Amino acid sequence: MSEVNQEKGQAEDANSFLSPYLSKNPPPVIEDPYAVPIEDINVIDGRLFQRDIHWAHFKRLREEDPVHFNELPGIGRYWSLTKFEDIMFVDTHHELFSSAHGISLGPQIDGPRQPEALQFSNFIAMDPPKHDLQRATVTGVVAPRNLAKLESTIRERTQKVLRGLPVGETFNWVDRVSIELTTQMLATLFDFPFEERRKLTRWSDVATAPPGTGIVDTAEQRREELMECLAYFTKLWNERINKEPGTDLISMLAHGKDTKNMQPFEFLGNLILLIVGGNDTTRNSMSAGVLALNQNPAEYEKLRANPGLISNMVPEIIRWQTPLPYMRRTANQDIEIRGKQIKVGDQLLMWYVSGNRDEEAIDRPNEFLIDRPNARHHLSFGFSIHRCMGNRLAEMQLRVLWEEILPLFRKVEVVGEPQRLRSSFVRGITDLPVRVYPH
Ligand code: HEM
């Protein structure tokens with residue numbers, strides 16, 4: 001889930017895909033989407049997400065132009081799909097819509113590329129058969145049997161983190177809880193040196209944030225840090241390749257029949273995929289739950305009265321947050337959707353964040369309801385062959401977190417404005433000032 005899945009030499013372009021919005025003189029943010037001609041709406045603008053004002057933009061698109069066209073210099077033609085049904089159609093037809101050209105908006109291509117030409121790739125950015133083979137190699141790490149084994153470790157670590165929180169002080173929930181817990185989990189999955197686990201957080205941030213957005217200053221710095229990541233993991237790989245196959249992800253990749261001969265950039269691509277997949281998304285759901293319950297006090301009350309609702313609340317939090325607002329596909333052929341003529345090579349952005357608020361697919365979609373019937377009916381994990389590999393793991397982490405919060409704290413209170421990431425690809429909360437009140 002990084003933007004490094006681009007062809008060699010294009011990584012910088014890929015990371016400056018928001019350049020019209022990130023340049024020294026960016027166009028003004030469109031605050032009221034109803035005040036401009038519909039062609040001017042461009043939901044890729046990360047500032048809309050940073051300010052949490054993207055909802056009206058998507059509402060207008062769903063109502064008036066659900067398959068919406070934009071074109072940007074260096075990027076080319078792309079379509080925003082905002083209805084649940086259309087997103088499902090694209091997601092479930094991988095033969096028509098390829099993942100092999102990248103999963104976030106990227107540089108223009110001239111017709112479909114050959115996946116073999118990719119230098120920097122991972123299985124989220126592949127089509128069958130290679131995708132299926134590589135996915136099958138690592139999927140065991142999150143199989144139910146493995147998850148059951150992991151649960152007690154996750155619970156112990158969660159208790160420790162929660163008991164260490166500073167009662168009576170304001171602190172940043174994102175850093176103290178969300179980042180800490182997801183990073184610990186990743187270290188477990190990779191069997192990564194525990195004391196050095198914050199390196200994983202750093203690499204995840206570096207991989208997802210374009211230069212100039214506060215994480216890294218330049219594309220060169222970004223490349224250097226990702227190369228450090230590659231070198232570090234190569235060392236671990238070399239240590240494990242000569243040992244009996246273990247159950248950690250590195251060992252699985254090093255011994256897997258279809259992954260053991262991976263090229264360095266492919267190895268890096270897959271590492272980043274697992275790091276970001278297991279990190280950013282779950283982290284933001286951990287913060288989003290606290291925020292949603294504070295914004296909806298009646299739901300918090302319901303939860304306190306009936307902790308049995310936790311398992312149902314977890315998918316509702318994931319729908320509510322939609323940690324990855326969109327995924328991209330590329331048209332393999334000319335095709336018509338809702339009367340719009342998509343051309344071969346056009347990019348299609350499946351806006352899960354909008355599909356999850358589509359009144360035609362979800363009842364009262366703008367309400368956060370922890371006892372919502374059929375709460376798993378959402379798009380946040382995608383569908384079909386690329387459906388999130390870690391979805392059960394993420395749900396378990398969130399369930400355990402709330403199972404441990406409730407007996408410990410009467411309330412986790414949000415006491416200041418949340419700060420959000422300037423990105424339309426990762427819907428992130430960077431700061432969430434809170435206070436905790438023990439029983
Ligand atoms: C794929 C979201 C947690 C690993 C995906 C996709 C989405 C997603 C939307 C589909 C991509 C596509 O259709 O192109 C999320 C969310 C999470 C989460 C919202 C948490 C709330 C995790 C965790 C892991 C993980 C904990 C770690 C094991 C992956 C992998 C893929 C993936 C490996 C690629 C699957 C494939 O291409 O076959 N995720 N994810 N994710 N996710 Fe997650």
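## Ligand shell and arginine 427

In the shell around the ligand, α6 (130-138), α12 (264-295) and β5 (326-331) each supply at least two residues. The model is a predicted one. The largest share of this shell comes from α12, which gives seven residues. Sorted by class, the shell holds 14 nonpolar, 10 polar and four charged residues. There are 28 residues around the ligand, and those that come nearest are His131, Arg135, Gly277, His386 and Cys388.

Three side chains place a polar atom by an oxygen atom of the ligand, as listed here.

| Residue | Distance from a polar side-chain atom to a ligand oxygen atom |
|---|---|
| Histidine 131 | 2.6 Å |
| Arginine 135 | 2.7 Å |
| Tyrosine 352 | 3.4 Å |

The rest of this report concerns arginine 427. This residue lies in a loop, with β10 (419-420) on one side and β11 (429-431) on the other. Arginine 427 counts as buried because its relative accessible area is 7%, and buried means under 20%.

Apart from neighbours within four places in sequence, arginine 427 is in contact with a set of residues that includes Phe49, His54, Trp55, Asn284, Trp320, Thr322, Val353 and Arg420. Aspartate 52 also belongs to this set, and its side chain makes a polar contact of 3.2 Å with the side chain of arginine 427. Glutamine 321 is another contact; the side chain of arginine 427 reaches the backbone oxygen of glutamine 321 at 2.7 Å.

Serine 204 is 223 residues from arginine 427 in sequence, and the two are 14 Å apart in space, C-alpha to C-alpha.

Conventions:
Residues are numbered from 1 along each chain as its sequence is written. This is a predicted model: local features need pLDDT of at least 70, side-chain atom pairs count only at pLDDT 80 or more; totals for chains, interfaces and linings use all residues. Side-chain values use heavy atoms; hydrogens and water are left out. Helices (H or I, at least four residues) and strands (E, at least two) are DSSP runs, numbered from the N terminus. Buried means under 20% relative accessible area, exposed over 50%, partly exposed in between (1.4 Å probe, protein chains only). Contact means heavy atoms within 4.5 Å. A polar contact is a pair of N or O atoms within 3.5 Å; within protein, one must be able to donate a hydrogen and the other to accept it, and residues adjacent in sequence count only if both atoms are side-chain atoms. A residue is near a molecule or strand if one of its heavy atoms lies within 4 Å of it. Ala, Val, Leu, Ile, Met, Phe, Trp, Tyr, Cys and Pro count as nonpolar, Asp, Glu, Lys and Arg as charged, and the others, Gly among them, as polar.
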